[in-house]
Amino acid sequence: LGRESTLVIRSLEMNSCLLAINLSDNNVEPEVAGNIASMLRSNTTLKELNLGVNNLQNGVIEIAQALDDNCTLEVLDLSSNSLDTDGAIQLAETMQVNSSLKT
């Protein structure tokens, strides 16, 4: 999912039904992270998001920052996304603020 995924992810912003989304192993690129972050800021029903085995790299920083405002997501899988130190630090800081994330 490269830039063409924008419409799909933006449609999830107003989602009121889906509780879990699995976008693992879809070649989600760092450029898409801003759209995912925007969706996480406005979505109030999503409980699980699997973004494992993608290519998010530093895009994880935007996603983690969005989770500071999200109190419904409980499970986030970012495994195998080539995180660097900055991404890992931002995730750790988010985990201190966000009490809904369990894994």
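This section describes the overall fold, the nonpolar core and two backbone features of a predicted model.

The secondary structure of the protein consists of four helices and three strands, and these elements alternate along the sequence in the pattern α-β-α-β-α-β-α. For 103 residues, a compact globule would be expected to have a radius of gyration near 13 Å, and the value of 12 Å computed for the protein therefore agrees with that expectation. Taken along the principal axes, the box filled by the C-alpha atoms has dimensions of roughly 35 × 30 × 15 Å. Among contacts with a separation of 6 or more, 86% join residues that lie 24 or more positions apart.

Of the 103 residues, 42% count as buried, while the accessible surface comes to about 5500 Å², with 51% of this area belonging to carbon and sulfur atoms. The protein carries 5 positive and 14 negative charges, and the mean positions of the two sets are 7 Å apart.

The largest nonpolar core comprises 25 residues, of which Ile-36, Leu-40, Leu-49 and Leu-51 touch the most other members. Helix H2 (33-42) and helix H3 (59-66) each supply at least two residues of this core, and the greatest contribution is that of H2, with five residues. Within H2, the buried positions are Ala-33, Asn-35, Ile-36, Ala-37, Met-39 and Leu-40; the buried residues of this helix pack against helix H1 (6-11), strand E2 (48-50) and H3. Leu-49, when its neighbours within four places in sequence are left aside, is in contact with Ile-36, Met-39 and Leu-40, and also with Ile-21, Leu-73, Val-75, Leu-76 and Asp-77. Two of the residues that touch the most other core members, Ile-36 and Leu-40, are thus among the contacts of Leu-49.

Turning to the backbone, Asp-25 has a phi near 55°, a positive value in a residue other than glycine. Asp-25 is placed in the loop between strand E1 (20-22) and H2, and, because its relative accessible area is 58%, where values over 50% count as exposed, the residue is classed as exposed. Val-53 likewise has a phi near 55°, again a positive value in a residue that is not glycine, and is found in the loop between E2 and H3. With a relative accessible area of 42%, which falls between the limits of 20% for buried and 50% for exposed residues, Val-53 is therefore classed as partly exposed.

How values were computed: Residues are numbered from 1 along each chain as its sequence is written. This is a predicted model: local features need pLDDT of at least 70, side-chain atom pairs count only at pLDDT 80 or more; totals for chains, interfaces and linings use all residues. Side-chain values use heavy atoms; hydrogens and water are left out. The radius of gyration is taken over C-alpha atoms; the globule rule is 2.2 Å times the number of residues to the power 0.38. Buried means under 20% relative accessible area, exposed over 50%, partly exposed in between (1.4 Å probe, protein chains only). Contact means heavy atoms within 4.5 Å. Accessible areas come from the Shrake-Rupley method with a 1.4 Å probe; for residues, only the protein chains shown count as cover. Lys and Arg count as positive and Asp and Glu as negative; His and the chain ends are not counted. The place of a charge is taken as NZ of Lys, CZ of Arg, CG of Asp or CD of Glu. A nonpolar core is a set of buried Ala, Val, Leu, Ile, Met, Phe, Trp, Tyr and Cys residues joined through side-chain atoms within 4.5 Å.
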